[in-house]
Amino acid sequence: MKFRFDPYERRFRLRTLVPTGQEARAFTADELFQFGIEEEYFLCDAHTLHVPSKTPESLFRIADFGTAGRIGREFLQAQIEVATEPHRSFEKARAELLQLRQNAAAAAADHGLAILACGTHPLASWREAVQSPKDRYAQVMEALQMIGQRDMLCGMHVHVEFSDPTRRVDVMTRMLPYVPLFVALATSSPFWQGRVTGLKGYRLAAYDELPRSGLPELFRTNAEYDAYVAAMVRSGAMPDSSFLWWAIRPSHSYPTLELRAPDCCTRLDDAIALAALYRTLARFLYGHPQHNAELNVVDRSIALENKWRAQRYGAQGTFVTRSGAISVSAMLDRVLELIAADADALGCGLDLQHCRTIIAEGTSADAQLRIFTENEHEGAEIALHKVTEWIRKATLVA
């Protein structure tokens with residue numbers, strides 16, 4: 001059985017007419033923990049680098065033509081979304097994601113536009129945002145009102161498939177202490193509305209205005225999770241579980257656990273490194289059901305604090321632990337040691353090592369702030385323009 005991810009429906013779609021129930025299925029050895037990557041980019045004028053309010057349908061038809069993955073609209077018309085096929089090889093995933101970025105950029109160029117891979121656009125104003133023409137998006141905008149218009153944000157989502165999808169809620173809960181690490185390594189949103197925010201990752205500060213966002217609660221069992229979803233649907237709070245916008249969640253229709261916390265990574269190698277880290281850690285937690293099994297409200301509260309610290313300080317920050325502060329670098333070292341055997345099994349050791357490079361050389365946010373500081377003497381607008389130009393170029397570096 002094969003599946004593909006459809007960015008229009010935000011779910012893995014079966015290529016064959018196989019029922020979409022959540023039963024466990026048999027996997028071959030090289031199928032285990034297949035993963036897919038979804039990225040959201042800003043569209044901007046190729047010359048001014050400002051975002052357009054409206055974008056033509058022809059752009060998305062051209063971009064999606066002839067690709068194995070999918071390219072389509074996102075919630076706002078100033079955004080474009082890509083999604084890879086499911087992969088077992090990080091090398092192939094990297095090649096496809098690069099192709100998707102290039103295809104999206106080429107289609108945008110045909111319409112006088114460019115793409116930017118980052119969590120927030122340094123120059124954009126959310127007040128000019130216009131919702132994309134789709135029934136689901138209209139439903140969301142009606143519910144969210146101004147908060148929906150403020151969703152001028154781009155993230156990266158990674159799906160990992162489990163052979164037994166009934167294990168996803170358990171792994172999701174035990175993954176919570178590690179979510180801030182992904183946030184820290186992915187930070188690419190230090191600017192908002194043309195201003196320095198003081199945060200390396202401002203995106204989640206804005207995104208978490210949405211209901212049903214942030215870290216999920218400590219769901220211990222599928223029954224607890226199902227009861228919550230049933231109550232929300234029965235009460236009319238949401239149509240289905242695809243309207244849960246948590247930092248990590250079980251997919252609504254397919255056997256994947258979806259990481260949604262990271263900013264969209266400007267640099268392709270950073271995106272692949274984070275996907276490798278998440279896939280490998282998911283495999284470790286799946287195979288070690290006792291790890292983090294005793295998490296309680298204290299641990300979740302610490303994870304919430306660490307998520308904030310990741311947003312504020314990025315890869316150069318520190319995290320709270322029960323035994324004292326620990327640097328993001330030291331936390332990464334602990335995780336890499338923990339998952340070493342799984343990394344060997346998945347053949348992604350080099351990809352994981354790039355996570356250390358991110359800390360050593362800085363995230364996209366660090367690069368953006370450095371460029372801004374170097375050019376601020378020319379005025380904030382010119383400095384922001386140079387930051388945005390760097391993002392455009394770095395988005396397409398192979």
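**Reading a predicted protein chain**

Reader: What makes the protein chain agree with a compact globule?

Author: This is a predicted model, and its size can be set against a rule. A compact globule of 398 residues would have a radius of gyration near 21 Å, and the protein chain has 20 Å, so the two agree. The C-alpha atoms fill a box of roughly 55 × 50 × 40 Å along the principal axes.

Reader: How many helices and strands does the protein chain have?

Author: The secondary structure comes to 15 helices and 13 strands.

Reader: Why is Leu49 called buried?

Author: Buried means under 20% relative accessible area. Leu49 has 0% relative accessibility, so it counts as buried. Leu49 lies in the loop between strand 3 (35–45) and helix 1 (57–64). Its phi is positive, about 70°, although Leu49 is not a glycine.

Reader: And why does Arg212 count as buried, with a relative accessible area of 18%?

Author: Good one to check! The cut-off is under 20%, and Arg212 has 18%, so Arg212 is buried. You will find Arg212 in the loop between helix 7 (203–207) and helix 8 (222–234). Arg212 is not a glycine either, yet it has a positive phi of about 55°.

Reader: What makes helix 6 "mostly covered"?

Author: Count its residues: eight of the eight in helix 6 (residues 179–186) are buried. Among them are Val179, Pro180, Leu181 and Phe182. Across the protein chain, 58% of the 398 residues count as buried.

Reader: How do you know which contacts join residues far along the sequence?

Author: Look at the separation of the two residues. Of the contacts in the protein chain with a separation of 6 or more, 76% are between residues 24 or more positions apart.

Reader: What supplies the area that the protein chain exposes?

Author: About 15600 Å² is exposed, and carbon and sulfur atoms supply 54% of it.

Reader: How far apart are the mean positions of the positive and negative charges?

Author: They are 1 Å apart, taken over 44 positive and 49 negative charges.

Reader: How do you know where the predictor is confident and where it is not?

Author: Use pLDDT, the predictor's confidence in each residue, which runs from 0 to 100. The protein chain averages 91, and 91% of the residues score at least 70. Over residues 1–21, though, pLDDT stays under 50. The model has 71 contacts beyond four places in sequence for residues 1–21.

Definitions and conventions
Residues numbered from 1 in each chain as written. Predicted model: local features only at pLDDT ≥ 70, side-chain atom pairs only at ≥ 80, totals over all residues. Heavy atoms only, no water. Helix = DSSP H or I, 4+ residues; strand = E, 2+ residues; numbered from the N terminus. Rg over C-alpha atoms; globule rule 2.2 N^0.38 Å. Buried < 20%, exposed > 50% of the residue type's maximum accessible area, 1.4 Å probe, protein only. Contact = heavy atoms within 4.5 Å. Areas by Shrake-Rupley, 256 points an atom, 1.4 Å probe, with all protein chains shown as cover. Lys, Arg positive; Asp, Glu negative; His and termini not counted. Charge placed at Lys NZ, Arg CZ, Asp CG, Glu CD.
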